[in-house]
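Me: Could you take one buried spot in this model and walk me through it slowly, then show me how its surroundings are put together? I am new to reading structures, so please explain each term as you go.

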Amino acid sequence: MIAGVDWFEGSWLAVVEDAAGEITVQRVSAFTDLLRRPDLETLVIDVPIGLPDRGARVCDLQARKAIRPRGSSVFPAPIRPVLGARSQAEASQIRYAIEGKRCSAQAYAIYPIVADVDRQMSPEAQRRIREGHPELSFAGMNGGAGLQWPKRSDEGRRERIHHLAPYFETLSAHVDSIEPRRAVIDLLDAFAMLWTARRVRSGRAVSLPDLPEYDARGLCMEIVA
């Protein structure tokens, strides 16, 4: 079994495909629950794996260029020292002392999610849990070009469904049944991660950057698509 996974309002939204090709959409409360499932041989998640102690990851910089005009959707991965901060102000102080930059409220909001994954990841776990980015996957479906419309616009939602539909026969049924309705965008992102998980399983996935880059804990800092 393989899965594409995205975060949605306090839980993980996993689109799981079994060996027979049947797809189910599952809500998972904790990352640990995904990590401990031996039946999931490949998971692609839209969360940074492998974090620098300072500076930007090469994979983020390359992904931003690769998906233009949607490059701004790739948020720079946080440096690991800020993950223990108890407030945005504290995170900003830590980062400013290291890099001379501060943390935005939008960036700080995802730090607990990133920290939870980071605490549990290891080089061994990374053999089956890989980092992806939906917009990089959609660019792969679009002949290598970034999509035209932002994902939260009506046009963007239709554009993403258009690219996913040829790969997933039951996509429309899952889109129509997902609740709450605001979860549709995250569902489409999870399907994009499943598209990448298929490519990882078949050996056709590509990785940014070409030459592996590792963090201080031996985790590969890469994005696959």
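Reply: Happy to! Let's begin with Arg 160, which counts as buried because its relative accessibility is 1%. Buried means under 20% relative accessible area, exposed means over 50%, and partly exposed lies in between, using a 1.4 Å probe and protein chains only. Before going further, note that this is a predicted model, in which local features need pLDDT of at least 70 and side-chain atom pairs count only at pLDDT 80 or more, while totals for chains, interfaces and linings use all residues. Residues are numbered from 1 along each chain as its sequence is written, and side-chain values use heavy atoms, leaving out hydrogens and water.

Arg 160 belongs to helix 7. Helices here are DSSP runs of H or I with at least four residues, strands are runs of E with at least two, and both are numbered from the N terminus. What surrounds this arginine? Leaving aside residues up to four places away in sequence, Arg 160 touches Arg 70, Glu 135, Phe 138, Leu 147, Trp 149, Pro 150, Lys 151 and Leu 188. Contact means heavy atoms within 4.5 Å.

One of these neighbours deserves a second look. The charged end of Arg 160 sits over the ring of Phe 138, 5.7 Å from its centre. For a charge to sit over a ring, NZ of Lys or CZ of Arg must be within 6 Å of the ring centre and within 35 degrees of the ring normal. Elsewhere, Arg 102 lies over the face of Tyr 96, 4.3 Å from the ring centre.

Now step back to the helix that carries our arginine. Arg 160 is joined by Gly 156, Glu 159, His 163 and Leu 164 in the list of buried residues of helix 7. Looking down the axis of helix 7, these buried residues fall within an arc of 130°, so they line one face of the helix. The arc is that of the directions from the helix axis to the C-beta atoms. Arg 158 and His 162, on the other side of helix 7, are exposed. What does the buried set pack against? The partners of helix 7's buried residues are helix 6 (134–141), helix 8 and helix 9.

Helix 9 also takes part in a ring pair. Five aromatic pairs turn up in a search of the whole structure. Rings of Phe, Tyr and Trp (its six-membered ring) pair if their centres lie within 6.5 Å; planes under 30 degrees apart are stacked, over 60 edge-to-face, and the rest tilted. One such pair is that of Trp 12 and Phe 31, which is tilted, with 5.8 Å centre to centre and 50° between the planes. Trp 12 lies in strand 2 (residues 11–17) and Phe 31 in helix 1 (residues 31–35), so the pair ties together parts that are 19 residues apart in sequence. Trp 12 and Phe 31 are both buried. The pair involving helix 9 is Phe 168 with Phe 191, an edge-to-face one with 5.0 Å centre to centre and 65° between the planes. Phe 168 lies in the loop between helix 7 (154–164) and helix 8 (171–177), and Phe 191 in helix 9 (residues 184–202), so this pair ties together parts that are 23 residues apart in sequence. Phe 168 and Phe 191 are buried too. As for Trp 12 and Phe 31, they form one aromatic cluster with Trp 7.

The backbone has something to show as well. Most residues other than glycine have a negative phi, and most peptide bonds are trans. The peptide bond from Glu 179 to Pro 180, however, is cis, with omega near -5°, and Pro 180 lies in the loop between helix 8 and helix 9. A cis bond also leads from Arg 68 to Pro 69, with omega near 15°; Pro 69 is in the loop between helix 2 (58–66) and helix 3. Glu 9 is not a glycine, yet it has a positive phi of about 45°. Glu 9 is found in the loop between strand 1 and strand 2, and it is exposed, with a relative accessible area of 52%.

So, back to where we started: Arg 160 is buried, at 1% relative accessibility, and its charged end sits over the ring of Phe 138.
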